[in-house]
Amino acid sequence: MMFDPQQRKENRSARIMMALFRMSQAIKKVTQAESDEQGLSPVQIQALLFTLYTRSDVASVGNFAKAIGTTHVTAVKIINGLVIKGHMTKVPKKEDRRVTLLQLTAKGEEAAASLEKWGHTLEEALHSIPDEILEDFEIGLGSVITAMQRRGHLVVAEPCLGCIHFRPNTGDSHTPHYCAFMEKYLTHEASLKECPEHLSSGNLNNDRQYLSE
């Protein structure tokens, strides 16, 4: 039990769990304060950033709900709030009109651009820690994230590079890359956006070929 200080003395996992819990509390506090400065809630900011950095054909309400770990109904309420503010529009996906895709308006893009320093308080705290400690910390956190992802508790979105579904440089000059999961060719710009279906391949040869272009 991580909340029992006596058990934490004898249990490394409990100590780490408490450390992560305390970090989550601190992150919630600082992101709330920074969100208040923007006149938006933290989840509204997440929605703006999700839409900005996610590939347009997978920037759906459903994938946003998975990204923040909430229900579809709650995600719709968050999005509708941003639609009312004029930051976002909802459009049905051409291939499947049951899927609703998210798009930023000019006002939404301006708001998203102003979020460049959102989270800077945490970043400043990390800058004070030596690189060798951060390197081990990054590896450890990566292992925790992978474990949570495998158990279905977390969705990790990443760009196409390094994904098992990614086939770089197999198309034409306009859409040079192919996604085997979506079964469609992608522009290079689209491949640089995040995708919630990313599944790491660990194939360095594909990565080198892609980066050499």
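The exercises below, each with a worked solution, look at a predicted model.

**Exercise 1. The nonpolar patch**

Find which helices each supply at least two residues of the nonpolar patch, and where Leu 154 is found.

*Solution.* Begin with the members of the patch, which has an area of about 790 Å² and is made by Ile 16, Leu 20, Met 23, Ile 27, Leu 122, Leu 126, Phe 137, Val 144, Ile 145, Met 148 and Leu 154. Next, set these residues against the helices: at least two of them come from each of α2 (12–38), α7 (120–127) and α8 (131–150). Leu 154 is then placed in the loop between α8 and β3 (166–167). Finally, consider how open this residue is: Leu 154 counts as partly exposed because its relative accessibility is 35%, and partly exposed is the class between 20% and 50%.

**Exercise 2. The cysteines**

Determine how many disulfides a search of the whole structure finds, and why Cys 160 and Cys 195 are not bonded to each other.

*Solution.* The search of the whole structure gives zero disulfides. To see the reason for Cys 160, take the closest cysteine sulfur, which belongs to Cys 195 and lies 6.2 Å from the sulfur of Cys 160, so the two are too far apart for a bond; a disulfide would need the sulfur atoms within 2.5 Å. Turning to Cys 195, the nearest cysteine sulfur is that of Cys 179, at 6.1 Å, and Cys 195 is in no disulfide. As a last step, compare the accessibilities with the limit for buried residues, which is under 20%: Cys 160 is buried, with a relative accessible area of 6%, and Cys 195 also counts as buried, at 7%.

**Exercise 3. The aromatic pairs**

Decide what kind of aromatic pair Phe 3 forms with Phe 21, and what kind Tyr 178 forms with Tyr 185.

*Solution.* The count for the structure comes to three aromatic pairs, and two of them are worked through here. For Phe 3 and Phe 21, the ring centres are 5.3 Å apart and the planes make an angle of 80°, which gives an edge-to-face pair. Phe 3 lies in the segment before α1 (5–10), whereas Phe 21 lies in helix α2, so the pair ties together parts that are 18 residues apart in sequence. Both rings belong to partly exposed residues, with Phe 3 at 44% relative accessibility and Phe 21 at 31%. For Tyr 178 and Tyr 185, the centres are 4.7 Å apart with 55° between the planes, and this pair is tilted. Tyr 178 is partly exposed, with a relative accessible area of 22%, and Tyr 185 is partly exposed as well, with 44%.

Terms used: Residues numbered from 1 in each chain as written. Predicted model: local features only at pLDDT ≥ 70, side-chain atom pairs only at ≥ 80, totals over all residues. Heavy atoms only, no water. Patch = residues over 30% accessible without salt bridge, like charges linked within 9 Å, V, L, I, M, F, W, Y side chains within 5 Å. Areas by Shrake-Rupley, 256 points an atom, 1.4 Å probe, with all protein chains shown as cover. Salt bridge = Lys/Arg side-chain N within 4 Å of Asp/Glu carboxyl O. Helix = DSSP H or I, 4+ residues; strand = E, 2+ residues; numbered from the N terminus. Buried < 20%, exposed > 50% of the residue type's maximum accessible area, 1.4 Å probe, protein only. Phe/Tyr/Trp six-rings, centres within 6.5 Å; stacked < 30°, edge-to-face > 60°.
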